[in-house]
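Me: I've got a fold on my screen and a few things to ask about it. Can we go through them one at a time?

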Amino acid sequence: MSGRDDTPDRAPAYSVVIPTTGRDGLITLLRGLAHGEGPQPREVLVIDDRPPSPAGKPLALPDLGLPLRVLDSGGRGPAAARNVGWRAADSEWIAFLDDDVLTAREWPARLAGDLTGLGDDVAASVARIDVPLPDTRRPTDDERDTLALTRSRWITADMAYRREALVEVGGFDERFPRAYREDADLALRVRRAGWRISEGDRVTTHPPKSGGFFASVRRQRGNADNALMRAKHGGHWRHEAGEGPGRLGRHALASAAGIGALALAATRAPRAAALAAGVWTGLTAEFAVSRIAPGPRTPREVTRMAVTSAVIPPVACAHRLAGEWRVRHGRAVLFDRDDTLIEDVPYLADPEKVRPMAGAADALALLRAEGVPVGVVSNQSGVARGHITAEQLRAVTRRVDELLGPFQTWQHCPHGPDDGCPCRKPRPAMVLRAAADLGVDVRRCVVVGDIGADVEAALTAGARAILVPTGRTLPDEIELARRHAIVAPDLPTAARIALELA
């Protein structure tokens, strides 16, 4: 039981976001929410993530008395669907639920209890996941895969995020196209930004999955996402996310041995081929036994594990190679803020004074349509000078995000010109941090700004630079850009050039 009051007097306002592909469990989940006890959500946003279809019918949902809205995310995956949901909600807290979970009757009260009294540095509250399994037999491979959710540290099957934290880190990274790793990536970025994540007392049920004979082979697509995780979070990301080392190394060895055996046999080297085949057989057998032993060991399950254990290693390696290729060819565009994205107001502290620059929205839309991550790198010495507070800076950031977001990374330098920091432009640290945050080679980043410091920061970091002059840009800064970078007449043109450069 929770040590806190299950029905707090002043529960934080929250909205519920449910991405769905129209699975049957959605109606059951909505009925559970409708009959829940405790503070009700301000609204429930169901995000229709079915692929677009000319004959597609609107998602039909029964009237359950919930403050329900249905939004469309265009079939771009759960990360994009969740972004559509939280950006449309206006609550302090956003509770993400998957459409195949079951909430208890007391779930609203437990969620309110989990959120009440959390410190301002807490970004999220994660539920405990329960996977009910038969007690008359050992779990199948699919059931064990679902059971692994109970050990996941930050699973968005049931996780509530503070809106401010989502704005600061840009929400979910839509380069994760499936329900895999996008939640761990978000949590790692949130923690890196200085936030904490709290473990809640509420418990949500996730029924075990059953995916067919080759479900475990299809799951190997996640190895492509692991490549992006490594690029964004470094080689130790698994440890930081509370995961084991994985089997990719052994899969690579088994695949190499199998391919080598076939190649050697074709070149009439029987002894070497036999040795390679022995290595492949041993590794495949070890993998199959490790999957058969904890299972029910029925003839069908044993056959399934034996067959898929031979198929999985090369498939896993192929997906990982494809992921690495996409990472190496990834690109990003970083924008200066003042006089580039928004009109420059000295020491801007009032969100109501935020005014987008001409063409900013069109330029960002063009880049997002091509799937290019965008970020902001901005000097904000007003914090060091005492002209604006950190909270005022966050409020302005929220307003910029409302008008022009989402941005996948925000990099601010709060230091003064004489502080000697490495991040204030024209120094390169913010550009380098943004590239690392996005998991993109800095050489495939383009920085768009309005003054020479933006150009110098980009070039020093190893990125490309585009100058979009304004009335405040100095002639020698334009000349510098003409010699070492590119000068564009407006932001949409800069975006088109950036797509060609990156």
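Me: How much of the long-range contact in the protein joins residues at least 24 apart?
Reply: Quick caveats: this is a predicted model, where local features need pLDDT of at least 70, side-chain atom pairs count only at pLDDT 80 or more, and totals for chains, interfaces and linings use all residues. Residues are numbered from 1 along each chain as its sequence is written, and side-chain values use heavy atoms, with hydrogens and water left out. A contact means heavy atoms within 4.5 Å. Among contacts between residues at least 6 apart in sequence, the share joining residues at least 24 apart is 76%.

Me: What radius of gyration does the protein have, against that of a compact globule?
Reply: The radius is taken over C-alpha atoms, and the globule rule is 2.2 Å times the number of residues to the power 0.38. For 502 residues that gives a value near 23 Å, and the protein agrees with it, at 25 Å.

Me: Is helix α2 largely enclosed or not, and how many of its residues are buried?
Reply: Helices here are DSSP runs of H or I, at least four residues, and strands are runs of E, at least two, numbered from the N terminus. Buried means under 20% relative accessible area, exposed over 50%, partly exposed in between (1.4 Å probe, protein chains only). The buried residues of α2, including Arg-82 and Trp-86, pack against elements including β1 (14-20), α6 (182-192) and α15 (390-404). Helix α2 (residues 78-88) is largely enclosed by the rest of the structure, because the buried count out of its eleven residues is eight.

Me: How many disulfides does the structure hold?
Reply: A disulfide is a pair of cysteine sulfur atoms within 2.5 Å. The structure's count is zero; Cys-421 is in none, with the nearest cysteine sulfur, that of Cys-423, 3.6 Å away. Cys-445 is too far for a bond, since its sulfur is 17 Å from the closest cysteine sulfur, in Cys-423. So the number of disulfides, by that 2.5 Å cut-off, is zero.

Me: Which peptide bond is cis with omega near 25 degrees?
Reply: Most peptide bonds are trans. One cis bond joins Gly-405 and Pro-406, with omega about 5 degrees. The one you're asking about leads into Pro-426, in the loop between β11 and α16 (429-438): it runs from Lys-425 to Pro-426.

Me: Which residue in the loop between α5 and α6 has a positive phi?
Reply: Most residues other than glycine have a negative phi. This one isn't a glycine, yet its phi is about 75 degrees. With a relative accessible area of 7%, it's buried. The residue is Arg-181.
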